[in-house]
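Here is a short note for a colleague who is opening this structure for the first time. Please read it with the sequence and the coordinates on screen.

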Amino acid sequence: MNYFVDENGYYGQFGGAYIPEMLYPNVEELRRKYLTIMLDPSFQKEFQELLKEYVGRPTPLYFAKRLSEKYNTKIYLKREDLCHTGAHKVNNTIGQILMAKRLGKTRIIAETGAGQHGVATATVCALMGIECIVYMGEIDIARQAPNVARMKMLGATVVPALSGSRTLKDATNEAIRDWINNPVDTHYIIGSVVGPHPYPDMVARFQSVISEEIKKQLLEKEGTENPDYVIACVGGGSNAAGAFYHYLDEESVQLIAVEAAGLGINSGESAATSILGKEGIIHGSKTLLMQTEDGQITEPYSISAGLDYPGVGPLHAHLCESKRADFIAVTDDEAMQAGLELCKLEGIIPAIESSHALAVFKKKEFKKNDVIVLNLSGRGDKDLDTYINYFKL
Amino acid sequence: MNRINQKLEEDKKLLSIYFTAGYPQLNDTVSIIENLEKSGVDMIEIGLPFSDPLADGPTIQASSTTALNSGMTSEMLFNQLKNIRKTVSIPLLIMGYFNPMMQYGIENFCKKCAEIGIDGLIIPDLPVREYTEKYKAIFEKYGLINVFLITPQTSDERIRFVDEISNGFIYMVSSAAVTGSQSGFGNVQEAYFKRIASMNLKAPQIIGFGISNSETFQQATKFAKGAIIGSAFVNHLTKNGVNSISKFVEAIR
C-alpha cells in the first residue's frame, strides 16, 4: 500500500484538484514548482535556519513520567506547543512564505478558524515584510478576539467572511475567491493538509519535520527510532500528518488519529468526519466530508475551534479507509478532563485540540512496555476562556 | 442534434441567462424559465444551488443559501422540471458544483437530465482531466454537452485543448474574478476578447462573468457568439420577483 501522494495528486481514491478553471494557472504553477523549490539546498538551508533560530526547533520529546505512571505505559510528548506562536502551525507558514517568495508573489492570503493559522501566517508575513490578508468567519472573529488582535498587531488585515455559516469553511471559500480575483501576485497559504493537490502534500512535507525529529530523539532515548504508537488529533490533519509522515511506511508503528466527537457522535453536534463523513468534494479535494444526503456541506461542532472542519485531509481519508490509522472520536467532556489532567500531572496546559489526543488514554489500554509518542500540537493559552467557562475557574 | 448545437448555428448573437433554482421562491423555477423564453432569451442556465459555491460572488451565494433554506435539492429540481419540455424549447443547461451531482450519482444525474430534456451541464469545479478520464463516456451516453471554462490566465495551449474536447460552446470567463464583481469592461478585457477571437477556435465562445447590462452585452458579443448574464438577473429577481422578467431582457437587447 502506498500512503504518499501519487503523480496525479491522489492518496488512494482521495485527493486530486477539483478547482474552477480560474484557479488552474495558480495551482498548476505551484504543482509544477513546489518540489523543485522545496528540494533546492538553498531553500532547505533557509527553511532549517528559520525553524531553528526563529521557531525554536527542535522541540523537545519529553518523557511524561507522571502521566506514564498513571496509565502504566511509556508516554512521550512531542512538544509542538513550545514552537513560536504556540503551535505546530508555524512550521508550515515558514515553509510557505519562503515558497511564496521564490514564486515571486508579493501578497499573502490565508484562512483561519480559531485564529492560530492566521496568527502563524501574520507572523511570517511580518518577518518577511509581505502584505497579509486573513479571512476569518464573522462568528469566529467574535469568539476569538485575542487572536484577531494578535493578527492586527502583526500588521495583517483581518477580513470577515460574511457568507454561509460564517465560520472556517466560509473563510476558506472567501480566501479561494480572493485568489480567483488576484491570480498573479498572490499566494494562498492554506493552513492544513487540505485543498487541491499539491497543498496536502506540500503542507505534510513542511510539517514532516515533527516525525523527522521524533525519530532522532527517540533513538537517543529508547535506542529505536520507532515507537509502538503515534497519537495525534485531526481536524484538517496537519499536525497528525507531520507526526505520522516518516512512520507511514513503518507498519510496526501504529497510528492513532483522534477526532472531535463534540457532544457525541450521534448528537448532531460533532466533527467526527471519519465516522459521519462521506466521500465528496470540499475545497478542491476529494475526501471524506460531513454533508447532507443532497451533497450540501454541513457545519460541524467541537468545543475546539481547531477541530471543527467538516472535512479531513485526503491523506487521512486514505489512512482511514485503508485502516493504516486507527480513528478514535473523543467528546468535548473527555477532552477537557484530559487537558486538565495534563495540567495537574505534568504542569503543561495543552491546547484543547491536543487535549483530544490526550483523552485516548482513557479510551484505549496500552501495555506497560509500549512506547507511545503523542503530538502535543499546541499550548492552551488561546483556550483559557474556554477552560475558564467549562471548569468555572 | 443537441438543441445547444442548433442554437449555436443560428445567425445571431445569443443571450443566455443564469438563475438559481428555487429563488426567490422555491417554486418559481418553471415560471422563470417560461418567462425567459417568452422574453426572447436564447438559452438558460439553471443554477443548482450549493452550500459552498467557490467561483461565485455574494449575489449568487446568497440566492443559493436562500434556495437551500427553502428546501431545494437535486431531486426537487428534477421534479420541478419534469414537464418543462412541454412548454419550453430553447436549450437548457444545469450549472452547478460537482459534489451534489456526485452524491446523486453521476450516472443517475445524467440520466435524469436526459429524461427531462436538459441539453448540457456546466460544472466549474470538475477538472477537464477528471471529466475526460472518468465521466465523458457517461455524458455522451445521455447526449449531454459538457461546457468548459477558459479565463484570461488560460494558456493558448490549454485553450486549444479545451477547444478540441468541446462539443458545444466554450464558456469564456471575462476576467480574473468571481461572478458578479465587475462593473464594465476595459482595455484589458477587450484585448483578451480579441486574442481569443483571433485564435479561430472551432467551438463558439460565450462570454460570462461581468455582463450586467446592454452595454457590456454589446461589448462582449462584438467578439463572441453570445454572452451570459447571471448576478445582474438574480439581483433583478430579488428586487422584482418573477413579474417583470421581460423588461429586464428587453433592456439588454
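The numbered points below take up the chain contact, the salt bridges, two helix packings and some backbone details.

1. A word of care comes before the rest: this is a predicted model, and the values in this note should be read with that in mind.

2. The contact between the two chains takes 39 residues from chain B and 34 residues from chain A, and together the chains bury about 2900 Å² between them, with 53% of that area on carbon and sulfur atoms. On the side of chain B, the residues that lose the most area to chain A are B:Asp52, B:Leu54 and B:Gln103, which together account for 21% of what that side buries.

3. How many salt bridges are there between chain B and chain A? The count is two, and a salt bridge that can be looked up directly is that of B:Arg158 with A:Glu21, whose side chains meet at 2.7 Å, taken from N to O.

4. Over all chains, the structure holds 42 salt bridges. Within chain A, the side chains of A:Lys78 and A:Glu213 form a salt bridge with an N to O distance of 2.7 Å. This pair links distant parts of the chain, since A:Lys78 belongs to strand E4 (residues 74-79) of chain A and A:Glu213 to helix H10 (residues 209-222) of chain A, with their positions 135 residues apart in the numbering.

5. Helix H2 (residues 41-55) and helix H4 (residues 89-102), both of chain A, pack at an angle of about 140°, and their axes lie 10 Å apart. Roughly antiparallel would require an angle over 145 degrees, so H2(A) and H4(A) are described as oblique to each other. The crossing of H2(A) past H4(A) is right-handed. On the H2(A) side the residues in contact include A:Phe43, A:Phe47, A:Leu50 and A:Leu51, while those on the H4(A) side include A:Val90, A:Ile94, A:Leu98 and A:Met99. By class, this contact has 10 nonpolar, three polar and three charged residues.

6. A second packing in chain A involves helix H14 (residues 332-346) and helix H17 (residues 384-391), with an angle of about 105° and axes 12 Å apart. That angle falls in the range of 65 to 115 degrees, and H14(A) and H17(A) are therefore roughly perpendicular to each other. Here A:Asp333, A:Met336, A:Gln337, A:Gly339 and A:Leu340 of H14(A) meet A:Thr386, A:Tyr387, A:Tyr390 and A:Phe391 of H17(A), and these residues divide into five nonpolar, three polar and one charged.

7. Some backbone details deserve a look, given that most residues other than glycine have a negative phi, and most peptide bonds are trans. In chain A, a cis peptide bond with omega of about 15° joins A:His197 and A:Pro198, and A:Pro198 lies in the loop between strand E8 (186-189) and helix H9 (199-207). In chain B, the peptide bond from B:Tyr23 to B:Pro24 is cis, with omega near 0°, and B:Pro24 is placed in the loop between strand E1 (14-20) and helix H2 (29-38) of that chain.

8. Finally, A:Arg166, which is not a glycine, has a positive phi near 55°. A:Arg166 is found in the loop between strand E7 (157-161) and helix H8 (168-181) of chain A.

Key
Residues numbered from 1 in each chain as written. Chains lettered and ligands numbered in written order. Predicted model: local features only at pLDDT ≥ 70, side-chain atom pairs only at ≥ 80, totals over all residues. Heavy atoms only, no water. Axes fitted to C-alpha atoms, helices over the stretch in contact; angles between N-to-C directions. Helix = DSSP H or I, 4+ residues; strand = E, 2+ residues; numbered from the N terminus. Parallel < 35°, antiparallel > 145°, perpendicular 65-115°, else oblique. Left-handed = near helix turned anticlockwise from the far one by under 90°. Contact = heavy atoms within 4.5 Å. Nonpolar A, V, L, I, M, F, W, Y, C, P; charged D, E, K, R; others polar. Buried area = accessible area lost by both parts, 1.4 Å probe. Salt bridge = Lys/Arg side-chain N within 4 Å of Asp/Glu carboxyl O.
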